[in-house]
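Grab a pencil and open the structure viewer. Try each exercise yourself before you read its solution.

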Amino acid sequence: MNKKFYILIGRSGGGKGTQAALLKKFLEENGDHTVVHITTGGGFRDFITSDNYIARLAKEVNETGGLQPEFLAVWNWSNIFITLFKGNETVILDGAPRKPFEVSILHSAITFLGYTHPTVIYLDVSESVSKEHIKSRGREDDLDDTDVSKRMEWFETDVLPTLEVYAHDPRYTVVHINGNQTIEEVHREILEKCNLVN
């Protein structure tokens, strides 16, 4: 099986982590035993628990629902690549890139690592459904309504333009998924549109 690179894009609370886990399970059950699910949000949450100056500043940004500075966003996923990769991994990247300028930086990593024809999976979930999911997660950084609203705003101002960059780049396949369905229906649509099932 050729190694593949999948990028999941969607709102906070839109089900990216759930769908990434289901996609990983499917790929593993069908012969790909080197699937890595990279969640950039999880990486940040781990990082901000460390006791250093940059981590403390990043924690303040996180606690107010802000978007982390670009250098930290790039460091986060590139550091994971450097630490984990052995060369044959199928990657499911969840939560990056978040700004249009990151696309070219991530592309340099994708090509350097030998991936071709990456797939961008856009989980299109309404704001109201995302907010419901966020409230049900029970995470500490999900409790403040103002912070959650900020995350919805930067999805519109930063993430959607990032998706637009991919939509006009012939090196990528972009699949649009109706994320307002059940978890099982979303998973099935991903498999179908990524040509993983008939």
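Below are five exercises, each with a worked solution.

A note on ground rules: this is a predicted model, so to speak of local features a pLDDT of at least 70 is needed, side-chain atom pairs count only at pLDDT 80 or more, and totals for chains, interfaces and linings use all residues. Residues are numbered from 1 along each chain as its sequence is written, and side-chain values use heavy atoms, with hydrogens and water left out.

**Exercise 1. Get your bearings**

Work out how many helices and strands the protein has, and in which pattern they follow each other.

*Solution.*
- Step 1: count the elements. There are 8 helices and 5 strands; helices (H or I, at least four residues) and strands (E, at least two) are DSSP runs, numbered from the N terminus.
- Step 2: walk along the sequence. You should read off β-α-β-α-α-α-β-α-β-α-α-β-α.
- Step 3: check the burial. Of the 198 residues, 46% are buried, where buried means under 20% relative accessible area, exposed over 50%, and partly exposed in between (1.4 Å probe, protein chains only).
- Step 4: look at the contacts, meaning heavy atoms within 4.5 Å. Take those between residues at least 6 apart in sequence: 77% of them join residues at least 24 apart.

**Exercise 2. A salt bridge between two elements**

Find the salt-bridge partner of Glu70 and say which parts of the chain the pair ties together.

*Solution.*
- Step 1: set the cut-off. A salt bridge is a side-chain nitrogen of Lys or Arg within 4 Å of a carboxyl oxygen of Asp or Glu. The structure has 8 of them.
- Step 2: pick the partner. Glu70 meets Lys99, at 3.0 Å from N to O.
- Step 3: place both ends. Glu70 belongs to helix α4 (residues 70–84) and Lys99 to the loop between β3 (90–94) and α5 (100–112), so the bridge ties together parts 29 residues apart in sequence.
- Step 4: compare the surroundings. Glu70 is partly exposed at 33% relative accessible area, whereas Lys99 is buried at 17%.

**Exercise 3. Salt bridges inside one helix**

In helix α8, find the partners of Arg188 and Lys193, and decide whether each residue is buried or partly exposed.

*Solution.*
- Step 1: start with Arg188. Its partner is Glu192, with the closest N and O atoms 3.0 Å apart.
- Step 2: check the spacing. Arg188 and Glu192 sit 4 residues apart in α8 (residues 183–193), so about one helical turn separates them.
- Step 3: turn to Lys193. It bridges to Glu189, where the closest N and O atoms are 2.8 Å apart. These two are also in α8, 4 residues or about one turn apart.
- Step 4: sort by accessibility. Arg188 is partly exposed at 41%, Glu192 is partly exposed at 38%, and Lys193 is partly exposed at 39%. Glu189 is buried, at 13%.

**Exercise 4. Follow the rings**

Describe how Phe5 and Tyr115 pair up, and which other rings belong to their cluster.

*Solution.*
- Step 1: know what to look for. A pair of aromatic rings is described by the distance of the centres and the angle of the planes. Rings of Phe, Tyr and Trp (its six-membered ring) pair if their centres lie within 6.5 Å; planes under 30 degrees apart count as stacked, over 60 as edge-to-face and the rest as tilted.
- Step 2: count the pairs. The structure has 6.
- Step 3: classify this one. Phe5 and Tyr115 are edge-to-face, 5.1 Å centre to centre with 75 degrees between the planes.
- Step 4: locate the two rings. Phe5 is in strand β1 (residues 5–10) and Tyr115 in the loop between α5 and β4 (119–124), 110 residues apart. Both are buried.
- Step 5: extend the network. Ring pairs join Phe5 and Tyr115 with Trp77, Phe81 and Phe85 in a cluster.
- Step 6: look over the face of Tyr115. Lys3 lies there, 4.5 Å from the ring centre; a charge sits over a ring if NZ of Lys or CZ of Arg is within 6 Å of the ring centre and within 35 degrees of the ring normal.

**Exercise 5. Map the nonpolar cores**

Find which residues have the most contacts inside the largest nonpolar core, and which element supplies its largest share.

*Solution.*
- Step 1: define it. A nonpolar core is a set of buried Ala, Val, Leu, Ile, Met, Phe, Trp, Tyr and Cys residues joined through side-chain atoms within 4.5 Å.
- Step 2: name the hubs. The largest core has 26 residues, and Phe5, Ile7 and Leu106 have the most contacts inside it.
- Step 3: find the suppliers. β1, β2 (35–39), α4, β3, α5, β4 and α7 (145–167) each give at least two residues. The largest share, 5 residues, comes from α7.
- Step 4: look for another core. A second, separate one has 16 residues, including Leu8, Ile92, Leu123 and Leu191.
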